[in-house]
2 protein chains.
Amino acid sequence: MTPLSFQDCKTLIEEKIASFALDQRLPSGLYEPAGYQMGLGGKRIRPILALMGCNLFSDDVEPALMPAIAMETFHSFTLVHDDIMDHALVRRGSPTIHTRWSPNTAILSGDTLCILAYEYLAQTSPELVPRILEIFNRMALQVCEGQQYDMDFETRCEVSYAEYMKMIEYKTAVLQAVSLQIGALCGHASEEEAEKLYCFGRNLGLAFQIQDDLLDVYADEAVFGKAIGGDIRENKKTWLVIKALELARGTRLKILQSALRGEIEHPDEKYRQVREVYDDLNIATLAEREISRLFEQAMSGLKGVEVTSERKTELKKLAAGLIRRKK
Amino acid sequence: MTPLSFQDCKTLIEEKIASFALDQRLPSGLYEPAGYQMGLGGKRIRPILALMGCNLFSDDVEPALMPAIAMETFHSFTLVHDDIMDHALVRRGSPTIHTRWSPNTAILSGDTLCILAYEYLAQTSPELVPRILEIFNRMALQVCEGQQYDMDFETRCEVSYAEYMKMIEYKTAVLQAVSLQIGALCGHASEEEAEKLYCFGRNLGLAFQIQDDLLDVYADEAVFGKAIGGDIRENKKTWLVIKALELARGTRLKILQSALRGEIEHPDEKYRQVREVYDDLNIATLAEREISRLFEQAMSGLKGVEVTSERKTELKKLAAGLIRRKK
C-alpha cells in the first residue's frame, strides 16, 4: 500500500478537528477561544508526523488519529500561554487570545486545551494508553522547562551553545520527536523502532528551529509574510547570536554585547549592526551547514528504521520540505 | 484490620510529597514556585479522601498513593491560576506565586503542576490507568468550566439557584467526588461501588462549599483566621446571596440588587446592609439546613456502599468534621 501523503494526513486531521465543533461547547467564554486557537490552522506538522509515524508500520492509522490531535492540541495550549508571557499581539495573522479576549481568558482556555490534549491522547486502544501517557508526560514537562530556560536566557548576556541546544530541544524538538514515537507505537512498532523515530524527530526538530532562527534574519520578506529581524530587535537568544558570540572578537564582539545589553537604543540601528556582524562572520552559511548536518543525521537515523524504503517516501519528502521552507 | 486514620493518611501524603523535593529540580525558576505551592500545606482533604476511598475496599492503599497526590497536585495547579485570575495576594497565609515571583512564573509553574498531576496519576498499576485517566480528564475539564462560570457570574446580576449549584459542583465538588472514586477503583472496587463513592463525595463537596460561603459571613473571626465578609465586599456569587435574591421582596430585594450592581460604594456599608438582609431572611439557618440535607444525602449514599460498617468509620468522621469546621 502507498503511504498516506502529506495532504491525506492533513485532511484527516483538519476534518477530525472540525468535527469537535469546540467553539459550540458551553461555557462559550471558555470554548470559543479554545476553538478559535485550534482553528487558526498552521502547518499541523506534529499530528501529521504522528500519522506518518504510525503509517510506517501499519496501513491502519486510526489508532494514531486522536493521539495525533493530542499533540496539536498540546502545541496550541503552549502557544496560548507563551503568547501571554511574550506579550505577543498576533499569532498566524490573527489576534492572540489574550489580546482579543483577556489574559484571564487566555490562561483558562489554555488550561482547557492542555486538558483536552490529555483527553484526546486517551482515545486510542487502552493497552497503548499507559506507555504513550508516560512518553507524553515527560515531553510535556520538558516543553515547560524549555520555555523557562528561554525566559531565563532573556535576562542573561552569556548563554552557552550547549545551553541553547538543550533549550530548543526541550521547547521545540521533543514535540516533533514524541509525535513520531507515539505514532509509531500506535502502529504497533517495537519500542526500539519507535525510539529511532524519536531520534529522527528530535534531529529534525532541532534543524527546524535553527531554520526558524535563520529565516528571522535572512528570509525574503515578501515570501516570509512578516518583517524580518524581530529576534535581533527583541534580544532573543537564537542559534545565530549564540554562534556569533562564540566566534566574534574585538569590535564585533563589543557590538554583539552592547546589543544584548540593550545599549544600542534604536531597534533598526541594532538590527543593522548585528546583521553586519553576522554577515562578516558568515553566520548564515554556518547555520545552513548545521541544519544540513542535523538533517543528514535525522535521515541516516531514518535509514535504520526497519520498514521498506517505499513506506518512508512521504516522511522523507516532509522532512526535506521542512528544511527547505522559506517561511 | 482497622482503617487508616485521618492522621495516618495525612502522614503518608506529606511524606510522599516531601520525597519529591520538587523545589530542588532544575530549572529552579520553574520548580521552586511549584514546590513552594505544594508545600503551602492545607488540609490535604482530596488525597486523604482518595486513600480512604481505596482503604474501604483494600488494606493495601499503595496503588492509590500517587493518584491521591495527583488530585492534590491538580488542586494546587488550579489555585495558582485562580489566584492570578482573582488577583489574590495571599494563599494560606503566604504570598501567592504571581505576587512573590511574577504572573509569568505563576502561569508556567501552574502549567507544570497540571502536567505533574498527570505524571503522578499514571504511577499506579497500568491496568488501572486508562479508566482513571478518563475519569480524571472529565473532572479536570469540569473544574475549568466551573471556574469560567464563576467568572461569568461576576458580571451578571441574576444567577439562578440551579446555575449556582452547577458552578460549585464543577468548580469544587467533582474534585472530592473523583478523589473518592479513583481511590476506590485503585482498591479494586467495582464500577458500581466506585460510583456510589463519587456521589457521596459530590454531596459532601457541595455541603463543603456552602459551609465555605456561610463561614465567610458568619464565622467567628478569631477562629476563622481572617476577616469575614470578603465575598459580600467583592460581589461574589455565593449560596447566601443566591438564596437571599430568591426570597427577598421590596426594600430588601432593592438593597441586594444595588449591592450587586456596585451602587453601595463603601465596602463596609455594603457588608452591613447585605448582612442585615441575610439576618432578616434567616439565610444562615437555611444554609445550615441545606448543608445538613446534603450531608444526610451523602451519608445515606455511603450506607449503600457494600463494605462493613467498621471500614467506613474514618470516612464518616472526616465527613462530619468537614461540615462542622469553623474555618
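This short talk goes through the contact between chain A and chain B, then a pair of packed helices, and then one residue of chain A.

Before I start, please keep in mind that this is a predicted model, in which local features need pLDDT of at least 70 and side-chain atom pairs count only at pLDDT 80 or more, while totals for chains, interfaces and linings use all residues. Residues are numbered from 1 along each chain as its sequence is written, and chains are lettered from A, with ligands numbered from 1, in the order in which they are written.

Let me begin with how the copies are related. Chain A is superposed on chain B by a rotation of 180° with 0.0 Å of shift along its axis, at an RMSD of 0.0 Å, the fit being by least squares on the C-alpha atoms of residues with pLDDT of at least 70 in both copies. That is the relation of a two-fold axis.

Turning to the interface, I count two residues as in contact if their C-beta atoms, placed from the backbone, lie within 7 Å. On that basis, 31 residues from chain A and 31 residues from chain B take part. On the side of chain A that touches chain B, the elements giving two or more residues are α2 (28-39), α4 (62-85), α6 and α7 (129-154), where helices are DSSP runs of H or I of at least four residues, numbered from the N terminus. The largest share of that side, 14 residues, comes from α7(A). Because 100% of the interface residues of chain A are also interface residues in chain B, the copies meet through the same surface.

Now to the helix pair. Helix α6 of chain A and helix α6 of chain B, each spanning residues 103-121, pack at an angle of about 20° with their axes 11 Å apart, the axes being lines fitted to C-alpha atoms over the stretch in contact, and the angles running from 0 to 180 degrees between N-to-C directions. That makes α6(A) roughly parallel to α6(B), a term used for angles under 35 degrees. From α6(A), A:I107, A:D111, A:C114 and A:Y118 meet B:I107, B:D111, B:C114 and B:Y118 in α6(B).

Finally, which residues does A:Q37 touch, not counting residues up to four places away in sequence? A:Q37, whose place is in helix α2 of chain A, touches A:S76, A:V80, A:I97 and A:L113. A:Q37 is buried, with 26 other C-beta atoms within 10 Å, the cut-off for buried being 20 or more.

Technical notes
Parallel < 35°, antiparallel > 145°, perpendicular 65-115°, else oblique. Buried ≥ 20, exposed ≤ 12 C-beta atoms within 10 Å, placed from the backbone.
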